Structure formats: C-alpha cells, structure tokens
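User: I have a model to go through with you. For each label you use, I will ask what backs it.

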Amino acid sequence: MRSYSGRLGGAFVVVVLLLAIMPGLPGSQAQGGSTLTIAQTQNPRGLHPQRDTGIEGNLVLMQIVDRLINVDRQGQLVPGLATSWEMPDDTTVVFHLRQGVRFHDGTPFDADAVVFNFNLITDLEASVLAGLYGPRIASVEAVDPLTVRVNLTTPWPDFLTRMANQSELGIHSPTAFRAAGDAYGSTVVVGTGPFKF
C-alpha cells in the first residue's frame, strides 16, 4: 500500500477516504480497498484545478491526479504521465505520453486531456492561476494522440520543475470535469493517480 506519512504539525486530522487503484501504474504499490489518512493543520480549500487549493489541497491532489513529470528522491526529474520530453528550443517543450493509461472514470488519458487541463489553468476568466501561466504559455497543442507541444512565450527555466511539483498541473479527467460542473473539486475529483477520491 502506498501511504503518506509524516507529521505536518497541529492536532487537526483530515481523513481523506480514498480507494487505492491502478496497481499496474509504474511506481504504484496501492492495493484495492485501501484508505489513505493524512494529518493536516487545516481542511483543503477545495480540490478544483482552477482555484487556489492551498498546501493542504495540494497534498491531497498529488495523491489523486498525476503530473506529466515527477521528481525522484534525488531531486531529479523523472517520467510521470509523460514517458519522455524534449526541448527543441528555449520556448518549446514536446511531451511523449504514456500509452494505455485511463482515468479513474474509465476514460482514456491522451493528448487532448493534457490540452484540456492546460486550457483550464490558463483560462483568464475562470482560473486564479491564469496570471501565472497565461502570459507564459502561448499555446498547447495535441500533435497526435500521445504527443503534446507546449509553446512558451519566453524561455521559462523552471517550467519543467514547476510541472513536477505543483498539483495544479496534475491531469484531471475532462469528461468528469464537464459532467460534474460546479461539484467538481468538492464532491468529484477524477485523475489517474494511485488513489481515487
């Protein structure tokens, strides 16, 4: 069972009931029917990708939604939902996506899902993160079902590191997001991570 341990201070305990899934995902050791309990000082503000989740929400989301890139114990960038990536120039990043991954709702993870999620966080009218990402990301395009190109407006040296460390860059199910409407982030969160909300 994959577990999150460690004391984050304070006596308030948030019990997040999550069912472990996807035992076949690389790095996952979760077993079906497991529960993850996280001790935090406060409740998450929410788990909506366009809103400020705070550190508490970030810690929960990182168990539910995977990112394209992860960081290993040595602090090195390693594959996540992207098996590899390259930067042909200072303002272009091309991600090659993992094949055969499905969201918790059974829908397939693909390049269109990645584009959808980038559009969520760069939406100037809906996302509190648009001020950070919108001016720096010129466009995101699906080159083919398993390839995504991110075009930056200017060089962004820590873009890949930020992608590996921030839950707002986790990939949510577009189908679940659209179907849940206003309930997404409070009663519905669907990703590809080791735990299911």
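Analyst: Start with the contacts in the protein chain that have a separation of 6 or more. Residues 24 or more positions apart account for 61% of them. Contact here means heavy atoms within 4.5 Å.

User: What kind of model is this, and how are its residues numbered?

Analyst: This is a predicted model, where local features need pLDDT of at least 70, side-chain atom pairs count only at pLDDT 80 or more, and totals for chains, interfaces and linings use all residues. Numbering runs from 1 along each chain as its sequence is written, and side-chain values use heavy atoms, with hydrogens and water left out.

User: How many helices and strands does the protein chain have?

Analyst: Five helices and 10 strands. Both are DSSP runs numbered from the N terminus: helices are H or I with at least four residues, strands are E with at least two.

User: What share of the residues counts as buried, and what is the accessible surface?

Analyst: Of the 197 residues of the protein chain, 45% count as buried. Buried means under 20% relative accessible area, exposed means over 50%, and partly exposed lies in between (1.4 Å probe, protein chains only). The accessible surface is about 9600 Å², and 51% of it belongs to carbon and sulfur atoms. Areas come from the Shrake-Rupley method with a 1.4 Å probe; for residues, only the protein chains shown count as cover.

User: Why is helix α1 called largely enclosed?

Analyst: Helix α1 covers residues 54–64, and eight of its 11 residues are buried, so the rest of the structure largely encloses it. The buried residues are G54, E56, G57, N58, V60, L61, Q63 and I64.

User: Why is D112 called exposed?

Analyst: D112 has 54% relative accessibility. That is over the cut-off, so D112 counts as exposed. D112 is found in helix α2. Its C-alpha atom is 8.1 Å from that of E141, 29 residues apart along the chain.

User: And what makes Q99 exposed?

Analyst: A value of 66% relative accessibility, so Q99 passes the cut-off. Q99 lies in the loop between β7 (92–97) and α2. Q99 and L81 are 18 residues apart in sequence and 8.7 Å apart, C-alpha to C-alpha.

User: How do you know that A138 is exposed, and what does A138 touch?

Analyst: Its relative accessibility is 53%, so A138 counts as exposed. A138 sits in strand β8, residues 137–144. Not counting residues up to four places away in sequence, A138 touches N151, L152 and T153. From A138 to N151 is 5.4 Å, C-alpha to C-alpha.

User: Why is R162 given a label between buried and exposed?

Analyst: R162 has 25% relative accessibility, which falls between the two cut-offs, so R162 counts as partly exposed. R162 is found in helix α4 (residues 159–165). Leaving aside neighbours within four places in sequence, R162 is in contact with L132, Y133, W156, E168 and L169.

User: Now the rings. How many aromatic pairs are there, and why is F103 with F109 called edge-to-face?

Analyst: The structure holds five aromatic pairs. In the F103–F109 pair, the centres are 6.2 Å apart and the planes differ by 70°. Rings of Phe, Tyr and Trp (its six-membered ring) pair if their centres lie within 6.5 Å; planes under 30 degrees apart count as stacked, over 60 as edge-to-face and the rest as tilted. So the distance makes F103 and F109 a pair, and the angle makes the pair edge-to-face. Both F103 and F109 are buried.

User: What makes F177 with Y184 a tilted pair?

Analyst: The centres are 5.1 Å apart, and the planes differ by 55°. That angle is neither stacked nor edge-to-face, so the F177–Y184 pair is tilted. F177 is buried at 14% relative accessible area, and Y184 is buried at 0%. Ring pairs link F116, F177 and Y184 into a cluster.

User: Last, what is known about the largest cavity?

Analyst: The structure holds one cavity of 30 Å³ or more. The largest cavity has a volume of about 40 Å³. Its lining is N117, F118, I121, M163, E168, L169, G170 and I171. Helix α2 (residues 111–122) gives the largest share, three residues.

Key
1 Å grid on protein atoms, 1.4 Å probe; cavity = no way out; pocket = protein on both sides within 12 Å on 5 of 7 lines; lining within 4 Å. Points joined across faces, edges and corners; volume = space filled by probe spheres on them.
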